[in-house]
Amino acid sequence: MTDRVAVVIVNYNAGDLLDEALAGLEAQTRAPDRVIVVDNASADGSGEAAVRRHPGAELVRLPENVGFAAANNVGALRAEGCEWVALLNPDAVPEPTWLEELL
């Protein structure tokens, strides 16, 4: 049995960059068990739009911007059932072997 891992992405008005990061996660050689997008009160609708295009991602929408570190903590607390949590910025597109090599 492999360890379960969640990837947390904190989003704040990232636009199409978030969509590219999620596409990069879908191309992983070792898929994450959970993908949690914490939307830090974005005004551009990027969190909702990206999760619609990537239905495997979960969206946590915060009512106010709590900051980057606190939003990551919110995502980590939502990662029930996962032994590992990997953090990914919304403007980063991981190489296909990123998660496999990380684990």
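**A chat about a predicted chain**

Modeller: The chain exposes about 5500 Å², and carbon and sulfur atoms supply 53% of that area (Shrake-Rupley method, 1.4 Å probe; for residues, only the protein chains shown count as cover). This is a predicted model, where local features need pLDDT of at least 70, side-chain atom pairs count only at pLDDT 80 or more, and totals for chains, interfaces and linings use all residues. Residues are numbered from 1 along each chain as its sequence is written, and side-chain values use heavy atoms, leaving out hydrogens and water.

Biologist: Which pattern does the chain follow along the sequence?

Modeller: Let's start with the pieces: there are four helices and four strands. Helices (H or I, at least four residues) and strands (E, at least two) are DSSP runs, numbered from the N terminus. Read along the sequence, they give β-α-β-α-β-α-β-α.

Biologist: What percentage of the 103 residues count as buried?

Modeller: First, the word itself: buried means under 20% relative accessible area, exposed over 50%, and partly exposed in between, with a 1.4 Å probe and protein chains only. For the 103 residues of this chain, the buried share is 42%.

Biologist: Which element supplies the largest share of the largest nonpolar core?

Modeller: A nonpolar core is a set of buried Ala, Val, Leu, Ile, Met, Phe, Trp, Tyr and Cys residues joined through side-chain atoms within 4.5 Å. Here the largest one has 16 residues, and V7, I9, L18, L22 and L25 touch the most other members. β1 (5-11), α1 (16-26), β2 (34-39) and α2 (46-53) each supply at least two of its residues. The largest share, four residues, comes from α1.

Biologist: How many residues are in the second, separate core?

Modeller: Among the members of this other core are V8, V38, L62 and A79. Its total is 10 residues.

Biologist: Is C82 buried or exposed?

Modeller: C82 sits in the loop between α3 (68-77) and β4 (84-87). Not counting residues up to four places away in sequence, C82 touches R4, V5, A6 and R34, where contact means heavy atoms within 4.5 Å. Its relative accessible area is 15%, so C82 is buried.

Biologist: How far apart are the C-alpha atoms of C82 and V93?

Modeller: Along the chain, C82 and V93 are 11 residues apart. In space, their C-alpha atoms are separated by 22 Å.
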